[in-house]
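Visitor: Could you take me through one part of this structure at close range? I would like to hear about the aromatic rings, and about what surrounds them.

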Amino acid sequence: MKNKLILFLLIAGLQFINAQKYELGEVTKAELEEKAHPIDPTAEAAFLFNIGKSSVEYSSTSGFMVITEVEVKIKIYTKEGLSWANKEVSIYTGANEKEFVDFSNAVTYNLVNGSIEKTKLRREGEFKEETNKYWTKQKIVMPNVKEGSIVEYKYIIKSPFISSLPDWYFQKAIPVNYSEFTTKIPEYYIYNAYRKGSLFPKEEVSKKEKTITFRDNERKITGGVLLTDFSSQNINYTETQTKFVLNNAPAIKDENYVTNINNYAAGVQHELAGSNMPGAMFKSFSITWEDVVKNIYDNENFGGELNKTSYFEDDLKTIVDNSKSSDEKLISIFEFVKSNLKWDGFHSVYCDKGVKKAFKEKTGNVAEINLILVSMLRNAGFKADPVLVSTQSNGIAFFPSRTAFNYVIAAVEINNQYYLLDATSKNSIPNKLPIRALNWTGRIIKTGGSSEVINLTNSSPSNDQLTLMCTLSEDGSVNGKIREIYSDYNAMLYRDNNAGLTDESRLEKIGKRYNGVQITDLDVKNLQDIYKPITESFSFSSSSLVDKLDDRMYFNPMLFFQVEENPFKLEERTYPVEFDYPFNETYNIIIKIPEGYEVESMPEPINLLMENNYGGFKYNISQNLDNIQLIASLNINATLIPSQNYNAIKLFYKEMIKKHSEKIVLKKK
């Protein structure tokens, strides 16, 4: 009897799931009364459904275009989830061909006195924001949203760009109860579908016969009268429909040390692989990385611009004549481009206004600036080539795609070693690219369009060395001096973060960083000399670092450098830990204890090593007369730690933080 009851409940549950309707306007009291997500009680909100459809359709006025329809229904559980009630869509609005988006069916539902109340989106809740001259954001802000609300909306994007379909993510930062994405492709186009993430949706494929009607009209004069003959022609074709469905996709929660969470979310991407139009031969597009690179190189706004040289010849001659060595010539060309061209902030592998105009106007996009750099280096005798890159915000280029790359840097080969250069960043030096460009690998393009993979990460660690000497007074106050030396990436980021700040602003910034410690006598050396480490020195004082109780004093020898919070909080993590670059942090702290006190207890030394030599932490503390010396160091040797080692690095940081929290106890003699 018990087994029959279980079987009945299972069948009933399956029937309920199959009977569910994923339609706008279908909101129940039970959904509105739900206080927490049934599978993830910590969720601030959840997609009750997220349904998309991308169709390649024919228009008599525009030809084939991509029509994408999305219908969304979201449940808000907490105050933190209120932002999920708003939506923004970015569309391309530059040049001649533009995209269009239209929102509709936008409604907020609330349960008021046991009845369902509907609040429709009004025009004042819709906004347009011009991101730049190419892109526009269209936003909606749903009305009357509160904890417990359900919001739903629909939007349609019309795009003339058929080279790729919109990416679809089955996973979001909140749970997705039901996600469905359908593509409808006429037989004239072939798209490659690439799946991402560790979850795999169900896939159904079907075919349908459809008809395109071409209409034409011809005007002619008959007997002195202007007449119009109308004609039409029907063409039958087969449409392939592919439906992807994923139920109960858990939230993919972002955390520290991941460059772009969408790299690991379950999703599907589509790239146009070829066309087979009636009466024409099959045309192949991006199939392999070599195809992708060759198409970019052959574009007149890339390879054609790279070969132009006349506009910089006089300036290059001056640089070469004034350079005493090959190294000096390389740096002089690099610094000339950096100082004479300002980056306009646009990412692209193609030139916009062209290298000559960019050079003349002293401003350009990333392709223009770095193609100018490559061209100048080549003409100065260097073996220089452009490198295609996908920025961190653009995601990892997992699959061959014409849209995989959105950035260009330069590479110079000297004695079989590559030096990577990016002239868009004023504080960048060779082999120290801006953080935005550090995204695993790129593809270096040789003359003629062939390519090979090139590693973008830097294996040499960036150092941060701090020396602190201070005196602990009997009243519990601490006074001392600090000198900190930043090298490589640490120095570059320091310059980026402090560019244009006054000494007063920097003092205030340091004080906030160290929880209100009083800072004076700030001195920064080599701030402008980007090829040297930065040395920052200052005096400090604080009366809040020591606790006094009767005849004892308690204080942390890490002072205000204690790490208190573990950056790794998830129970499990299905994506790797990514550091932008390897680094070493070393703290040499010397504390003079007050006269009349002695050490009653202090932390024990420790030496932690992470598996596979991913990193290490050392903590050595000793006493010499009335001085206590602590040398603590953290080194991270890898830029990518696989997800299977997540618990190891989480435990590593936990043990380090535990040691950081330990205190010294002084006792009055």
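Guide: Happily; here is a walk through the aromatic pairs, followed by a helix and a hairpin. Please keep in mind that this is a predicted model.

Let us begin with the rings. The count of aromatic pairs comes to 38. Take Y92 and Y134 as one of them: their ring centres lie 6.2 Å apart and the planes meet at 10 degrees, so this pair is stacked, the cut-off for stacking being under 30 degrees. The two partners come from distant parts of the chain, 42 residues apart. Y92 belongs to strand β3 (residues 86-92), while Y134 sits in the loop between β6 (126-130) and β7 (135-141). Is each ring buried or exposed? Y92 has a relative accessible area of 18% and is buried, and Y134, at 18% relative accessibility, counts as buried too; the limit for buried is under 20%.

A further stacked pair is formed by Y153 and Y155, with 6.4 Å between the ring centres and 25 degrees between the planes. Y153 is buried at 2% relative accessibility, and Y155 is buried with a relative accessible area of 10%.

Rings also gather in a group: Y257, F568, F579, F583, Y646, F652 and Y653 are linked into a cluster by ring pairs.

Charges come into the picture as well. The charged end of K338 is placed over the ring of F334, 4.7 Å from the ring's centre. In the case of Y619, K659 lies over the face of the ring, at 5.6 Å from the ring centre.

Now for the helix, α10, which spans residues 503-513 and has R506, I510 and G511 buried. Viewed down the axis of α10, the buried residues fall within an arc of 140 degrees, so they line one face of the helix. Their cover includes α9 (488-498), β25 (518-525) and β26 (534-542). On the face turned away from that buried side, α10 carries the exposed residues E504 and K512. Just after α10 comes N515, which takes a positive phi of about 55 degrees.

A positive phi turns up in the hairpin of β21 and β22 too: G448 takes one near 105 degrees, and the hairpin has 5 residues between its strands. Strand β21 (residues 441-445) pairs with strand β22 (residues 451-455) in the antiparallel sense, over 5 bridges. Within this pairing, G442 of the hairpin stands opposite I454 in β22.

Methods:
Residues are numbered from 1 along each chain as its sequence is written. This is a predicted model: local features need pLDDT of at least 70, side-chain atom pairs count only at pLDDT 80 or more; totals for chains, interfaces and linings use all residues. Side-chain values use heavy atoms; hydrogens and water are left out. Buried means under 20% relative accessible area, exposed over 50%, partly exposed in between (1.4 Å probe, protein chains only). Helices (H or I, at least four residues) and strands (E, at least two) are DSSP runs, numbered from the N terminus. The arc is that of the directions from the helix axis to the C-beta atoms. Contact means heavy atoms within 4.5 Å. Two strands pair if DSSP finds at least two bridges between them. Rings of Phe, Tyr and Trp (its six-membered ring) pair if their centres lie within 6.5 Å; planes under 30 degrees apart count as stacked, over 60 as edge-to-face and the rest as tilted. A charge sits over a ring if NZ of Lys or CZ of Arg is within 6 Å of the ring centre and within 35 degrees of the ring normal.
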